[in-house]
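Me: Please take a close look at one part of this structure and follow it through its neighbours. I am new to it, so plain wording will do.

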Amino acid sequence: MKHELLCLSLLLACAGACAQAAQEVPEADAETPQVVEVGGVKNPELKSYKVMLKGVDAFEQHRKYAPAAPMKFKLVSATPGAQVDGVTLRIAGDNTSENVPIAADGTFVLPRIQAAIDDKADLVTNKKKSLVRWRGDIHTPGVPANARRLGDLRMECEIGWAVNREEIPFLIRNGLSLAGGACHIKSVQLRYQAPLNATSVTLVSGDRRQPLPFIPKYKNVFSPPVADTSWDDDALIEYEIPAAPM
């Protein structure tokens, strides 16, 4: 199932401040943006290798959420439902060049290489910036194809928080951290992309059921109660998907 953590709604509150900050960039800098070229691709999608490993550390730290699941990342298209074709991935630094195999479904396992950490290497794709996104991809074996396990989503949230927290404005990041982190605050709305052919989403645990409505303005995006501990990790988010015509 294609499923992506899109964003924290709280971050939208800083959009005005971010826009104002952008307007304060000196005009000369705005006219001469820095262009990075890697392997013939200008401004490729890249992430600090050391920062990405924080996601692996978060997986180990929060293993209780998904004790039977393997640790994987996934490259997905920035456009929901679109495919990512021909993407390659490597760990690249001044003295490092290590290819990272990508499975047919876009998932990959990130190895821990001390020499690459010391080299301050980056994890680099062959796609231009903003065409693809990274996320944790946690799937406990045995979960039905039309469902996601809530503990798996909690783990994905912790991975995303660990990898992306330094990109959040300082005051907001500190506020979230003091409150336990973005994954533990009920007032923080996490948005997830359901399959585009799903007609509804329901959270189920035994006899307890709770519809998760789609958020207006977004196509099949919903908000699971990741921070609500009254729902156990084995609760299932079930997608209602029409049967294919015969």
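Reply: A residue is called buried here when its relative accessible area is under 20%, and exposed when that area is over 50%. The model is predicted, and the part chosen is Arg135 with its surroundings.

Arg135 has a relative accessible area of 6%, so Arg135 is buried. Which residue forms a salt bridge with Arg135? The partner is Asp137, and the closest N and O atoms of the two are 2.9 Å apart. Asp137 is buried because its relative accessibility is 7%. Side chains of opposite charge can pair when their charged atoms come close. The pair does not stand by itself: Arg135, Asp137, Arg148 and Glu156 are linked in a network of salt bridges. The structure as a whole holds 9 salt bridges.

Arg135 also has a place in a sheet. Arg135 belongs to strand E10 and stands opposite Lys74. Strand E10, residues 132–136, is paired with strand E5, residues 73–77. The two run antiparallel and are joined by 5 bridges. The sheet is open and has 3 strands in the order E8-E5-E10, with antiparallel pairing. Strands E8 (107–108) and E10 are at the edges with a single partner strand each, so each has one side without a neighbour in the sheet. Strands of a sheet pair through backbone hydrogen bonds, either parallel or antiparallel.

From the network, the next stop is helix H5. Helix H5 covers residues 150–164. Another salt bridge joins Asp152 and Arg149, with 3.0 Å between the closest N and O atoms. Asp152 and Arg149 are both buried.

What else is attached to the helix? A disulfide joins Cys157 to Cys183, with an S to S distance of 2.1 Å. Cys157 is in H5, while Cys183 is in the loop between helix H6 (170–178) and strand E12 (190–193), so the bond ties together parts that are 26 residues apart in sequence. A search of the whole structure finds 1 disulfide. The torsion about its S-S bond is about -100°, so the disulfide is left-handed. Cys157 has 3% relative accessibility and is therefore counted as buried. Cys183 is buried too, with a relative accessible area of 4%. A disulfide is a covalent bond between the sulfur atoms of two cysteines.

Helix H5 also packs against helix H3, residues 49–61. Their axes are 8 Å apart and meet at an angle of about 145°. H3 passes H5 in a right-handed crossing. On the H3 side the contact is made by Val51, Met52, Lys54, Gly55, Ala58 and Phe59. On the H5 side it is made by Met155, Glu158, Ile159, Ala162 and Val163.

One more charged pair involves the loop between H5 and H6. Glu167 lies in that loop, and Lys47 lies in strand E4 (residues 44–48). Their side chains meet in a salt bridge of 2.3 Å, N to O. The pair links distant parts of the chain, 120 residues apart. Is each partner buried or exposed? Lys47 is buried, because its relative accessibility is 10%. Glu167 has 57% relative accessibility and so counts as exposed.

To return to the starting point, Arg135 is in strand E10, and Arg135 is also linked with Asp137, Arg148 and Glu156 in the salt-bridge network.

Key. Residues numbered from 1 in each chain as written. Predicted model: local features only at pLDDT ≥ 70, side-chain atom pairs only at ≥ 80, totals over all residues. Heavy atoms only, no water. Disulfide = S-S within 2.5 Å. Helix = DSSP H or I, 4+ residues; strand = E, 2+ residues; numbered from the N terminus. Buried < 20%, exposed > 50% of the residue type's maximum accessible area, 1.4 Å probe, protein only. Salt bridge = Lys/Arg side-chain N within 4 Å of Asp/Glu carboxyl O. Pairing = 2+ DSSP bridges. Axes fitted to C-alpha atoms, helices over the stretch in contact; angles between N-to-C directions. Left-handed = near helix turned anticlockwise from the far one by under 90°. Contact = heavy atoms within 4.5 Å.
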